[in-house]
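Reader: I'd like a close look at one part of this model, with its surroundings filled in as you go. Take your time and keep it chatty.

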Amino acid sequence: QDPLAELVKIEPKAIGVGQYQHDMPQKRLGEALDGVVEDCVNVKQFGAKGDGANDDTVAIQNAINFVYSLSGAREYNSYKIIIPKGKYLVTSQLTLLSSTLDSSEYSNITIEGEGQGTTCLLADFTTDDNVLYLNASSKCNIEKISFKNISSNEYNVTAVKIDGSSMMINLTDLFAYGFYIGFDCRICVGNITNCFANSCNCGFK
């Protein structure tokens, strides 16, 4: 079931005033309204709690998957995944792949928190892995999020890893604490702005 289905209650044909009500084709109006709803999603609509106790991995990944399913259907659109204030427990890798996208589509996807220290992803891993793994052929922005590693020291966990990109990936206002590697950006076409790493074996690679 579409978690956003409850956000729009009015049929497109009912929108309008007087003689102008039917000036726009109803199909086109409906598509435009769908776009407004679908362009921004909140991870809490997918079940994320952000309380630091419940595992939010599946909920956040489902939000990512939902947005990527939209981006493959329509060209030249921007999509935003909001992670509001809270501590989100993550126990396995969150993956952003755009293998279903053609690079000519130029979909622009943003994952945005409310700020360093305000939106925090808590990594509690039992294996070597990445909290956020990006392998994108389209523009992607990661903004205003802290990453904190609470895993056992025996595991080499990376906060953000970028494995490849034919377009642009931008990292802005991010903070990584306690990781083996904070930001693994060896293959990164884009900008890294106001990003910090503390108590990491390697902050930036």
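Reader: Let's start with E112: does it count as buried or exposed, and why?

Author: E112 counts as buried, because its relative accessibility is 14%; the cut-offs are under 20% relative accessible area for buried, over 50% for exposed, and partly exposed in between, with a 1.4 Å probe and protein chains only. A bit of housekeeping before going further: this is a predicted model, where local features need pLDDT of at least 70, side-chain atom pairs count only at pLDDT 80 or more, and totals for chains, interfaces and linings use all residues. Residues are numbered from 1 along each chain as its sequence is written, and side-chain values use heavy atoms, with hydrogens and water left out.

Now for the company that E112 keeps. The structure holds two salt bridges, the term here meaning a side-chain nitrogen of Lys or Arg within 4 Å of a carboxyl oxygen of Asp or Glu. In one of them E112 pairs with K80, and their closest N and O atoms are 3.2 Å apart. E112 sits in strand β6 (residues 108-112) and K80 in strand β3 (residues 78-82), so this pair ties together parts that are 32 residues apart in sequence. Strands and helices here are DSSP runs numbered from the N terminus, with at least two residues (E) for a strand and at least four (H or I) for a helix.

E112 also meets K144, side chain to side chain, in a salt bridge with an N to O distance of 4.0 Å. With E112 in β6 and K144 in strand β9, this pair too ties together parts that are 32 residues apart in sequence. Put together, K80, E112 and K144 are linked in a network of salt bridges. The two lysines count as partly exposed, because K80 has a relative accessibility of 29% and K144 has 31%. K144 has a backbone quirk as well: its phi is positive, about 60°, although it is not a glycine.

K144 leads us on to T119. Leaving aside neighbours within four places in sequence, T119 has K144 among its contacts, along with I83, Y88, E114 and S146, to name some of them; contact means heavy atoms within 4.5 Å. T119 is found in strand β7 and counts as buried because its relative accessibility is 0%. A polar atom of its side chain lies 2.9 Å from the backbone oxygen of I83. That is a polar contact, meaning a pair of N or O atoms within 3.5 Å where, within protein, one must be able to donate a hydrogen and the other to accept it, and residues adjacent in sequence count only if both atoms are side-chain atoms.

What about the rest of β7? This strand covers residues 119-123, and five of its five residues are buried. T119, L121 and A123 point one way, while C120 and L122 point the other way.

From β7 you can walk along the pairing in either direction; two strands pair if DSSP finds at least two bridges between them. Strand β4 (residues 86-90) runs parallel to β7 and is joined to it by five bridges, with Y88 partnered by L121. Strand β9 (residues 139-149) also runs parallel to β7, over four bridges, and there C120 has S146 as its partner. Going on from β9, eight bridges pair it in the parallel sense with strand β11 (residues 169-177), where C140 is matched with I169. β11 in turn has two bridges to strand β13 (residues 192-193), again in the parallel sense, and L171 finds its partner in I192. Three more parallel bridges join β11 to strand β14 (residues 196-198), where A176 stands opposite A197.

Just past that, S199 lies in the loop between β14 and β15 (202-204). Phi of S199 is near 55°, another positive value in a residue other than glycine, and S199 counts as partly exposed because its relative accessibility is 48%.

Last stop, the nonpolar core, meaning a set of buried Ala, Val, Leu, Ile, Met, Phe, Trp, Tyr and Cys residues joined through side-chain atoms within 4.5 Å. The largest one has 44 residues, and I142, F147 and L171 touch the most other members. Helix α2 (residues 57-71) gives the largest share of this core, with eight residues. Beyond its neighbours within four places in sequence, I142 is in contact with L96, I111, L132, L134, N170, L171, T172 and L174. In soluble globular proteins, nonpolar side chains tend to be buried together.
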